[in-house]
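Colleague: I am new to reading protein models. Could you walk me through a few features, one at a time?

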Amino acid sequence: KKNQLQNITINKTIGDSKEVLQEFFYILPIFTKESIFYVIFDKFDSKHKSKYVLAFEALYCLFQTCEKNDLLSKYTMTDNITGCYNFNQFQKALGVEISKIDRAIDKDVIFSITLIEVEELTKINDKYGYTYGDMVLKTISKGIRDKIRNTDDAYRISGNKFCVINTYATKEVCESYILPRIIGEISKKIHIKDNKYYIPNLNIAIVQYRKGTTRAQFENLMEESLKKARDTKEIVVV
């Protein structure tokens, strides 16, 4: 229990003398969401018990604060509906990938972006409610995260748009190997309610970054490619 001091006796053998000592330690458990921490006071002085309690209180508050900060950090990095990284994290990751390519001497160092847009999401929200629209997003995002490579990350960059940063992957690799795995999973019909199903209508574009391209140019190319996919109803690869 919190604030309860528990003393234990530990037998020690010092060196080769086989001398056994009995020393008193006091253990205080701190319970957090996922772990139990034990604070051990060596050579506890019972005359100053109140000071130990205060020290424990300080440690307890410290652990709780650290745990809350970890949760806060998680929520500021990920989208709370889909579990994908959010737009801010995408902006940071994109900057890192561009910098890696621009600094690399090896011409084979490359990356590509796979863009996935979910159509008719507004219709689902209007007809069935946002709960069902969120369910569709969760199902599709899980399919994306389950099928991408371990080296890649998925992001939700707007209400109905996802993207995957495919590190060290050309557009050809994305088109022939990575994308088919994802499409095979996220194209399955999704049960809405009763006998109503939604067959995902997706717009997809793959954009490869080329060394020397400015970030603004690359982001414009991403937007133009996804717009073309939306207009032509075909997968666009550039």
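Modeller: Gladly; we will look at a strand, some aromatic rings and a helix, and please keep in mind that this is a predicted model.

Colleague: Let's begin with strand 9. Are its residues buried or exposed?

Modeller: A residue counts as buried when its relative accessible area is under 20%. In strand 9, residues 202-208, seven of the seven residues are buried. Look at the two faces in turn: Leu 202, Ile 204, Ile 206 and Gln 208 lie on one side, while Asn 203, Ala 205 and Val 207 lie on the other. Both faces are covered.

Colleague: Which strands pair with strand 9, and in what sense?

Modeller: Strand 4, residues 111-118, runs antiparallel to strand 9 and is joined to it by seven bridges. To find your place there, look for Val 118, which stands opposite Leu 202. Strand 10, residues 236-237, pairs with strand 9 in the parallel sense, over two bridges. Here Ala 205 stands opposite Val 236. Between strand 9 and strand 10 the chain passes through helix 6, residues 215-232, and this β-α-β crossover is left-handed.

Colleague: Now the aromatic rings. How do I describe a pair?

Modeller: You give the distance of the centres and the angle of the planes. The count here comes to seven aromatic pairs. Take Phe 87 and Phe 90: their ring centres are 6.4 Å apart and their planes are at 40 degrees, so this pair is tilted.

Colleague: Where do Phe 87 and Phe 90 sit along the chain?

Modeller: Both are in helix 2, residues 87-103. Because they are three residues apart in that helix, about one helical turn separates them. Their surroundings are worth checking too: Phe 87 is partly exposed, with a relative accessible area of 39%, whereas Phe 90 is buried, at 3%.

Colleague: What does an edge-to-face pair look like here?

Modeller: Try Phe 111 and Phe 218. Their centres are 5.8 Å apart and their planes are at 70 degrees, so the pair is edge-to-face. This pair links distant parts of the chain, since Phe 111 is in strand 4 and Phe 218 in helix 6, 107 residues apart. Both Phe 111 and Phe 218 are buried.

Colleague: Which residues form an aromatic cluster?

Modeller: Tyr 85, Phe 87, Phe 90 and Tyr 155 form one. A ring can also have a charge over its face: Lys 189 lies over that of Tyr 197, at 4.7 Å from the ring centre.

Colleague: Let's turn to helix 3. Which of its residues are buried?

Modeller: In helix 3, residues 121-128, the buried ones are Leu 121, Ile 124 and Asn 125. These residues cover an arc of only 100 degrees around the axis, so they are on the same side of helix 3. On the other side, Thr 122, Lys 123, Asp 126 and Lys 127 are exposed.

Colleague: What do the buried residues of helix 3 pack against?

Modeller: They pack against strand 4, helix 4 (130-147) and strand 8 (196-198). Just after helix 3 you will find Gly 129, with a positive phi of about 110 degrees.

Colleague: One last residue: is Glu 97 buried or exposed?

Modeller: Glu 97, in helix 2, counts as buried because its relative accessibility is 9%, and the cut-off is under 20%. Leaving aside neighbours within four places in sequence, Glu 97 is in contact with Phe 111, Ile 165 and Thr 167.

Note on methods
Residues numbered from 1 in each chain as written. Predicted model: local features only at pLDDT ≥ 70, side-chain atom pairs only at ≥ 80, totals over all residues. Heavy atoms only, no water. Buried < 20%, exposed > 50% of the residue type's maximum accessible area, 1.4 Å probe, protein only. Helix = DSSP H or I, 4+ residues; strand = E, 2+ residues; numbered from the N terminus. Pairing = 2+ DSSP bridges. Right-handed = clockwise from strand over helix to strand, strands pointing away. Phe/Tyr/Trp six-rings, centres within 6.5 Å; stacked < 30°, edge-to-face > 60°. Lys NZ or Arg CZ within 6 Å of the ring centre and 35° of its normal. Arc of directions from axis to C-beta. Contact = heavy atoms within 4.5 Å.
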